[in-house]
Every structure is written in C-alpha cells, then in structure tokens.
Amino acid sequence: MPELSDKDVKHYTLEENQKHKDSKSTWLILHHKVYDLTKFLEEHPGGEEVLSEHVGGGATENSEDLRHSTDARELSKTSKGKGEQKREGERQGEERERKK
C-alpha cells in the first residue's frame, strides 16, 4: 500500500472535530488521527458511554491509561481514519498564508 504524502491527508482542526460529538456523527482524535466512530459506538467493548466522554476531542491519554489489548491497538492502527488533527503551528501558518 503506497504511503500518502502530507498533501493527500485531510487535516481537521479541533474546532471541526468538536462539531461531531453526537450519535449521528461521532469523531474522536487518537494519536493525532481523526476517526469517525459513528458506526463503531455500539460495538465498542467498553460501551458507548466510555467513548462518548471523549468524542469531538482527544482520547489518546485516556486510551493509553486503559492499557488496551494488542487486538484493540491493532484495530486502531488498521482502521482508516478520516485524516489527521491539525496542530496549532499548522493553523497559524495557514492564517499567515491567507493574510499575504
């Protein structure tokens, strides 16, 4: 499978992620990758409530604290994310470009 370049990857701001925190559209950030978990909510072994505490934002720290199984870690690695979290420096650079 070919590696995607930065230009091929969609980047989302935290503000964009925060718009997707209900059962109709559920996004979560894990290790700087954005995942659409809408269809996975009912399947999550820890229950929908565990995920719903972190939707629209980041869950990396809590996910690591839980010490997920190897299978769970592999699932997150092989799941196709929507894109990546746009980090603060990237957002500032874009704003500078728009002002030019």
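Reader: Which residues does H44 touch, not counting residues up to four places away in sequence?
Author: Happy to start there. This is a predicted model, where local features need pLDDT of at least 70, side-chain atom pairs count only at pLDDT 80 or more, and totals for chains, interfaces and linings use all residues. Residues are numbered from 1 along each chain as its sequence is written, and side-chain values use heavy atoms, leaving out hydrogens and water. With contact meaning heavy atoms within 4.5 Å, H44 touches V50, L51 and H68.

Reader: Is H44 buried or exposed?
Author: Buried means under 20% relative accessible area and exposed over 50%, with partly exposed in between (1.4 Å probe, protein chains only). H44 has 14% relative accessibility, so this residue counts as buried.

Reader: Which backbone nitrogen does the side chain of H44 reach?
Author: Look at the side chain of H44, which comes to 3.1 Å from its partner atom. That partner is the backbone nitrogen of G46.

Reader: Which residues make up the largest nonpolar core?
Author: A nonpolar core is a set of buried Ala, Val, Leu, Ile, Met, Phe, Trp, Tyr and Cys residues joined through side-chain atoms within 4.5 Å. L51, which H44 touches, is one of the seven residues here. The full set is L28, L30, Y35, L37, L41, L51 and A59.

Reader: What does L30 touch, not counting residues up to four places away in sequence?
Author: L30 belongs to that largest nonpolar core. Two of its partners, Y35 and A59, are core members too. The full list of residues that L30 touches is Y35, A59, T60, S63 and S76.

Terms used
Polar contact = N/O pair within 3.5 Å; in protein donor to acceptor, adjacent residues only side chain to side chain.
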